[in-house]
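Thanks for coming, everyone. Please bring up the sequence and the model, and we will walk through them together.

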Amino acid sequence: MNAPNDTEFEFKAEVQRVLALVINSLYTNTEVFLRELISNASDALDKARYLRLSEKDAVLEAQAEPAISIEVDEEKNVLVIEDNGVGMTRDEVVENLGTIARSGTGEFAKRFEELTKSKDKDGALDLIGQFGVGFYAVFMVASRVDVETLSVRKDSKPVLWRSSGEGSFSVLEGERTTPGTRITIHLKPDASEFAKKWRIEGIIKKYSDFVMFPIKVDGEVANQSSAVWRKPKSQVTEEDHAAFFKHVTQGRVGDKPLATVHYSVDAPVQFSALLYVPERAPADLFMMNKDREGLRLYAKRVLIQENNDKLLPVYLRFVRGVVDSEDLQLNVSRETLQENRTLKTIESQLTKQILKELTRISDDEPERYLEIYRAFGQVLKEGLTMDFKQKDTLAGLCRFETLQNEPGTLVSLKDYVAGKKEDQKAIYYMTGQAREQLEQSPHLEVFRKKEIDVLLLTDPIDEWVVKALPTFEELPLTSVVHGDLDLEEGDDFEEKKNALGQTIAALRTALGDKVTEVRVSSRLTDTASCLVAKEGDPGANMERIMRMLDERAQERSRILEINPNHPFVQNLQALVEKKKGSPRINMYAEMLYDQALLSEGVIEDPAKLVKRIQDLLVQSSQADLDG
């Protein structure tokens, strides 16, 4: 190594921030550094094997079987991890080990800090692998790290990267003669446990047992390195599934799967798949600004894509696992994969199998299914808005809270229909932000009185779900805040409705464009008024969501319904008949409108509302004095 070729670099600012976060926050989980380094080594071996098949003229031939070698030296307190994989060029070393190319670095740092402050160590660990910053975890245990590497590409030169993780790194000429990477970790005094063979073997068993390549510790193989998905289902135990699940997910989404789909088929496409529904939601479940984690895609047992998000529809994006096909070409490009017919066939088959298994669990093991649904139901419901082929199956898998059940109790649409009133002609629902808010709504008064159950929908996606699912078992899904309700009314309803003709006309005049119509309500039993959307118009909750998405979204005028049995409405009726031009009529009209808005948690003009209340209090108190 010649001194003139030594080059000192400063870590990029984002790397220094990540280093500080990882080193200082995960001191109780330091063993994960080995998981990350083994994962990187496995990726390097996969890439080398892929390049030798797809670009064999541009790369060096393999000189040995692909493997990961680990050496421990207790006397020197040193740990060495080596692979004969793809290696790196000098530019790749600077780029890969000195910067974080992922655009989500700032997001990683922010979320990592939030999770560590909340003492959610598992959540913080989840983020390390998902944001591509796993290599830097080595500095939790290392006082210095040397990376010796040689790229598998022809005419590459060996490189040595060295750093103590304190703000800078050196890049020097290396001496390595065979492709691959050797990482020498000079352990800190308090990390000497990682220079012990038994400790390393235990970590491999815990995190990396199913890495596809042999992992040798001081010359002895320490992992299974088998393609579990290729084995017959009968030969794979629950313990095997739990271990492989942890390997595939790196323990980021739980210790064991909630559901397993082990599936092989020979026609029309030959492939094997081993898929899992995890215990908890992945950190990227609702992230829309970056590539989500997907399934591992193999062709003839060769990994060709680490994260393929086209093998399953977006509403099944929480599923983890591997797919291995005999009908895919090894040199297929990412762009070609987007339109690959084989992948489309595999996606269709996998979707059917997953939904079939979820349906089986929902029928045979309802408690386990509820655990799955509480974790992923909001995502699963997205399928109703995009996968019309599976609409009936997905509708059967959805679960909802209802008015007549205790908070937290979830029921299926099938159960709702089975428990409905004999003469009930619809499945009634109401959407909103929270159950507590919906339960206070005056729109539910008549349903309580008649003991008719109502679905209480509080996920934002529910607004689109009910549009995509207009009927279930030939019953229409009907909003309790839209249009006319097809409910039996009292014998004297028409009489009361006709008697309020002058009052309705006066209210229309007083409220003007604030409402599209004023009419007598069949929904209300206790409250004086409520607002109802016209059939086809967005309701109050949908308008709220639309304003969140676009501040320019305009509110539509709605229908004001009044309760003919409420004393306030009856007094207003008497006032209209006796003093048609009284200014109090306009004030009372505004109060009815304000009350309807308040029941929805909305105040259009607080100052005017306060003034009207004050005027009403003055008049009421004056009437008491005059009396």
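Start at helix α18, residues 540-549, where N541, M542, E543 and I545 are buried. Buried means under 20% relative accessible area, exposed means over 50%, and partly exposed is in between, with a 1.4 Å probe and protein chains only. The cover over those buried residues of α18 includes β17 (427-431) and α15 (462-468). Helices here are DSSP runs of H or I with at least four residues, strands are runs of E with at least two, and both are numbered from the N terminus.

A word on the source. This is a predicted model: local features need pLDDT of at least 70, side-chain atom pairs count only at pLDDT 80 or more, and totals for chains, interfaces and linings use all residues. Residues are numbered from 1 along each chain as its sequence is written, and side-chain values use heavy atoms, with hydrogens and water left out.

Now the whole protein. It has 21 helices and 23 strands. Of its 627 residues, 51% are buried. The exposed area is about 30,500 Å², and carbon and sulfur atoms supply 46% of it. Those areas come from the Shrake-Rupley method with a 1.4 Å probe; for residues, only the protein chains shown count as cover. Next, contacts, meaning heavy atoms within 4.5 Å. Take the contacts between residues at least 6 apart in sequence: 72% of them join residues at least 24 apart.

Next, the open sheet. Which strands form it, and in what order? Nine of them, running β1-β6-β5-β4-β7-β3-β2-β8-β9, with mixed pairing. At the edges stand β1 (7-10) and β9 (220-221); each has a single partner strand, so one side of each has no neighbour in the sheet. Two strands count as paired if DSSP finds at least two bridges between them. Inside the sheet, β4 (residues 142-150) and β5 (residues 159-163) pair antiparallel over five bridges. One position to find: T149 has V159 in β5 as its bridge partner. Helix α3 (residues 90-98) packs on this sheet and touches β1, β4, β5 and β6 (168-173). The direction of α3 makes about 165 degrees with that of β6. Axes are lines fitted to C-alpha atoms, for helices over the stretch in contact, and angles run from 0 to 180 degrees between N-to-C directions.

On to β12, residues 295-299. Five of its five residues are buried. L295, L297 and A299 point one way, while R296 and Y298 point the other way. In general, side chains in a regular strand alternate between the two faces of the sheet. Is R296 buried or exposed? R296 is buried, because its relative accessible area is 14%. Beyond its neighbours within four places in sequence, R296 contacts several residues, including H247, V248, L303 and E306.

β12 has partners to look at. With β13 (residues 302-308), β12 runs antiparallel, joined by four bridges. L295 has N308 as its bridge partner in β13. The hairpin of these two strands has two residues between them, and K300 there takes a positive phi near 55 degrees. With β14 (residues 320-325), β12 pairs in the parallel sense, again over four bridges. There, L297 stands opposite V323.

Now the rings. The whole structure holds 15 aromatic pairs. Rings of Phe, Tyr and Trp (its six-membered ring) pair if their centres lie within 6.5 Å; planes under 30 degrees apart are stacked, over 60 edge-to-face, and the rest tilted. W229 and F244 make a tilted pair, 5.9 Å centre to centre with 45 degrees between the planes. W229 lies in the loop between β9 and α7 (238-249) and F244 in helix α7, so the pair ties together parts that are 15 residues apart in sequence. Both rings belong to buried residues, W229 and F244. Elsewhere, ring pairs link F9, F135, Y136, F139, W161 and F169 into a cluster.

Last, the cysteines. How many disulfides does a search of the whole structure find? Zero. A disulfide here is a pair of cysteine sulfur atoms within 2.5 Å. C398 counts as buried because its relative accessibility is 1%. C530 is buried too, at 0%. C398 is also among the contacts of V411, a residue of strand β16 (residues 411-412).
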